[in-house]
Amino acid sequence: MRRVLYLLVLVLVLALSVAYAQEVAPVFQENFAEGKLNGWAGANATVEISKDFAKSDQYSAKVTTHGSGWNRIEYNFAGKLEAGKKYEFTVWLYHETGENLEFHLVRKLGDNYTWLGGNVVIPSGQWTKLSNIYEVDAHTNEWLFFVEVYKEGVAYYVDDISIQLVE
Ligand SMILES: [Ca+2]
């Protein structure tokens with residue numbers, strides 16, 4: 001009897017750990033480990049693969065802004081994320097401008113722009129995480145996600161982008 005109970009507990013623990021692993025696995029991640037942008041692009045900014053600095057492996061995406069706004073590194077998640085579900089969007093950012101810069105995450109649907117959260121200060125010379133939880137809107141062929149900094153002529157680096165289902 002004790003042995004059966006032990007086995008039952010073991011099975012339960014295994015089942016729970018499998019469920020947990022499925023829950024925490026990101027639905028999307030990009031580390032640029034292969035030295036390719038894999039669809040990440042720029043608008044009012046130059047986006048290129050870089051070995052200057054990296055949070056993981058040898059590569060990150062380098063973004064050089066060409067305006068004090070509307071600059072971005074972007075990716076269209078249309079069809080990849082489920083409308084009505086909440087996801088945690090995470091990017092790691094780095095720059096060496098010598099000052100504190102404020103970054104934010106945005107989503108674009110046509111002419112409609114919404115910040116996923118507030119501005120977050122990214123200090124100079126330190127990889128820093130920017131993370132927001134946001135419920136994905138109903139969309140058809142565009143649900144554009146991007147990172148923005150309200151400063152022109154800034155070079156910054158993005159790495160270890162991940163999206164995780166919250167509920
Ligand atoms: Ca990387």
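Which residues is Tyr-59 in contact with, leaving aside its neighbours within four places in sequence? Among its partners are Phe-32, Ala-33 and Gly-35, and the list goes on with Ile-49, Ser-50, Lys-51 and Ala-54. Here two residues are in contact if their C-beta atoms, placed from the backbone, lie within 7 Å. Keep Tyr-59 in mind while we look at the whole chain, and then we will come back to it.

First, a word on what you are looking at. This is a predicted model, in which local features need pLDDT of at least 70 and side-chain atom pairs count only at pLDDT 80 or more, while totals for chains, interfaces and linings use all residues. Residues are numbered from 1 along each chain as its sequence is written.

Let us begin with the overall plan. The protein chain has 1 helix and 12 strands. Helices (H or I, at least four residues) and strands (E, at least two) are DSSP runs, numbered from the N terminus. Walking along the sequence, you meet the pattern α-β-β-β-β-β-β-β-β-β-β-β-β. Taken along the principal axes, the C-alpha atoms of the protein chain fill a box of roughly 70 × 35 × 30 Å. Among contacts in the protein chain with a separation of 6 or more, 72% are between residues 24 or more positions apart.

Now look at what is covered. A residue is buried if 20 or more other C-beta atoms lie within 10 Å of its own, exposed if 12 or fewer, and partly exposed in between, with C-beta atoms placed from the backbone. By this count, 28% of the 167 residues of the protein chain are buried.

Some of the buried residues form a nonpolar core, which is a set of buried Ala, Val, Leu, Ile, Met, Phe, Trp, Tyr and Cys residues joined through C-beta atoms within 7 Å. The largest such core has 32 residues, and those with the most contacts inside it are Ala-61, Ile-73, Val-91, Leu-93, Val-147 and Val-158. The elements that give two or more residues to this core are strands E4 (60-65), E5 (72-76), E6 (86-95), E7 (101-109), E10 (128-135), E11 (144-149) and E12 (155-165). Of these, E6 gives the most, with 6 residues. To see one core residue up close, find Ile-73: not counting residues up to four places away in sequence, its contacts include Trp-40, Ala-61, Val-63, Phe-146, Val-147 and Val-158.

How do these strands line up? Two strands pair if DSSP finds at least two bridges between them. Start with E6, where 7 of the 10 residues are buried, so this strand is largely enclosed by the rest of the structure. E6 runs antiparallel to E10, with 8 bridges in the pairing, and Leu-93 has Thr-128 in E10 as its bridge partner. E6 also pairs with E12 in the antiparallel sense over 8 bridges; there, the bridge partner of His-95 is Tyr-156.

A second meeting place is E11, which is mostly covered, with 5 of its 6 residues buried. E5 and E11 run antiparallel and are joined by 4 bridges, and Asn-76 stands opposite Leu-144 in E11. E7 pairs with E11 as well, again in the antiparallel sense, over 6 bridges. In that pairing, Lys-108 stands opposite Leu-144 in E11.

Back to Tyr-59, which lies in the loop between strand E3 (45-50) and E4. Tyr-59 counts as buried because it has 22 C-beta neighbours inside 10 Å. One of its partners, Phe-32, lies in the loop between strand E1 (28-30) and strand E2 (41-43). Phe-32 is buried too, because 24 other C-beta atoms lie within 10 Å. Phe-32 also has a positive phi of about 60 degrees although it is not a glycine.

Is a loop residue such as Lys-80 buried or partly exposed? Lys-80 sits in the loop between E5 and E6, and it is partly exposed because 13 other C-beta atoms lie within 10 Å.

Our last stop is Asp-160, which lies in strand E12. Its phi is near 45 degrees, a positive value in a residue other than glycine. Asp-160 is buried, with 20 other C-beta atoms within 10 Å.
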